[in-house]
Amino acid sequence: MLMSALRALRAGPRTPGVRARSELGDNLYTLHAAHGGRRARHLILFRISEAPSVVEVLRFLHDAMDLARHLPREISDEEGST
């Protein structure tokens with residue numbers, strides 16, 4: 001299921017089901033992993049690096065988790081410094 005979602009992310013933010021997460025920071029997105037056409041309970045948190053347009057997976061998280069609390073340290077630091 002997660003591998004399938006990762007393959008789908010080759011299209012980056014244009015992947016169906018991707019949600020921009022501007023409340024968490026610039027250039028952050030989530031995608032619910034899908035299983036048999038149904039939404040799974042896990043999110044892939046990712047961003048697109050500037051050059052050369054690479055999908056950078058930051059976290060795999062259960063959808064009940066507080067996303068802001070589980071951001072990678074470098075993202076949390078960037079948001080705290082703005």
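This briefing describes the fold, surface and side-chain pairings of one protein. The structure is a predicted model. The protein has 82 residues, of which 33% count as buried. Its secondary structure comes to 2 helices and 4 strands, and the order along the sequence is α-β-β-β-β-α.

**Overall architecture**

- The pattern α-β-β-β-β-α places a helix at each end of the series and the strands between them.
- Among the contacts with a separation of 6 or more, 32% join residues that are 24 or more positions apart.
- The accessible surface of the protein is about 5,600 Å², and carbon and sulfur atoms account for 49% of that surface.

**Salt bridges**

- The structure holds 3 salt bridges. As a general matter, side chains of opposite charge can pair when their charged atoms come close.
- One of these joins the side chains of E23 and R21, with a nitrogen-to-oxygen distance of 2.7 Å. R21 is buried, because its relative accessible area of 10% falls under the 20% limit.
- A further salt bridge links D63 with R41 at 2.8 Å, N to O. D63 lies in the loop between β4 (54-62) and α2 (73-80), while R41 belongs to strand β3 (residues 38-49), so this pair ties together parts that are 22 residues apart in sequence.
- Both partners of that pair are partly exposed: D63 has a relative accessible area of 24%, and R41 has one of 49%. The value for R41 does not pass the 50% limit, so R41 is not counted as exposed.
- R47 and E56 also meet through their side chains in a salt bridge, at 2.9 Å from N to O. R47 is buried, with a relative accessible area of 16%, whereas E56 is partly exposed at 28%.

**Aromatic pairing**

- The count of aromatic pairs comes to 1. The ring centres of Y29 and F46 are 5.4 Å apart and the ring planes stand at 25 degrees, so the pair is stacked.
- Y29 lies in strand β2 (residues 28-35) and F46 in strand β3, so the stacked rings tie together parts that are 17 residues apart in sequence.
- Y29 and F46 are both buried.

**Nonpolar surface patch**

- L2, V57 and F60 form a nonpolar patch on the surface, and their accessible area together is about 220 Å².
- F60, one of the patch residues, is placed in strand β4. F60 is partly exposed, with a relative accessible area of 41%. This value is over the 30% that a patch residue needs, so F60 can take part in the patch.

**Backbone feature at N27**

- N27 is not a glycine, yet its phi is positive, at about 65 degrees. In general, most residues other than glycine have a negative phi.
- The position of N27 is in the loop between β1 (19-20) and β2.
- N27 counts as partly exposed, because its relative accessibility of 32% lies between the limits of 20% and 50%.

How values were computed. Residues numbered from 1 in each chain as written. Predicted model: local features only at pLDDT ≥ 70, side-chain atom pairs only at ≥ 80, totals over all residues. Heavy atoms only, no water. Salt bridge = Lys/Arg side-chain N within 4 Å of Asp/Glu carboxyl O. Buried < 20%, exposed > 50% of the residue type's maximum accessible area, 1.4 Å probe, protein only. Patch = residues over 30% accessible without salt bridge, like charges linked within 9 Å, V, L, I, M, F, W, Y side chains within 5 Å. Areas by Shrake-Rupley, 256 points an atom, 1.4 Å probe, with all protein chains shown as cover. Phe/Tyr/Trp six-rings, centres within 6.5 Å; stacked < 30°, edge-to-face > 60°. Contact = heavy atoms within 4.5 Å.
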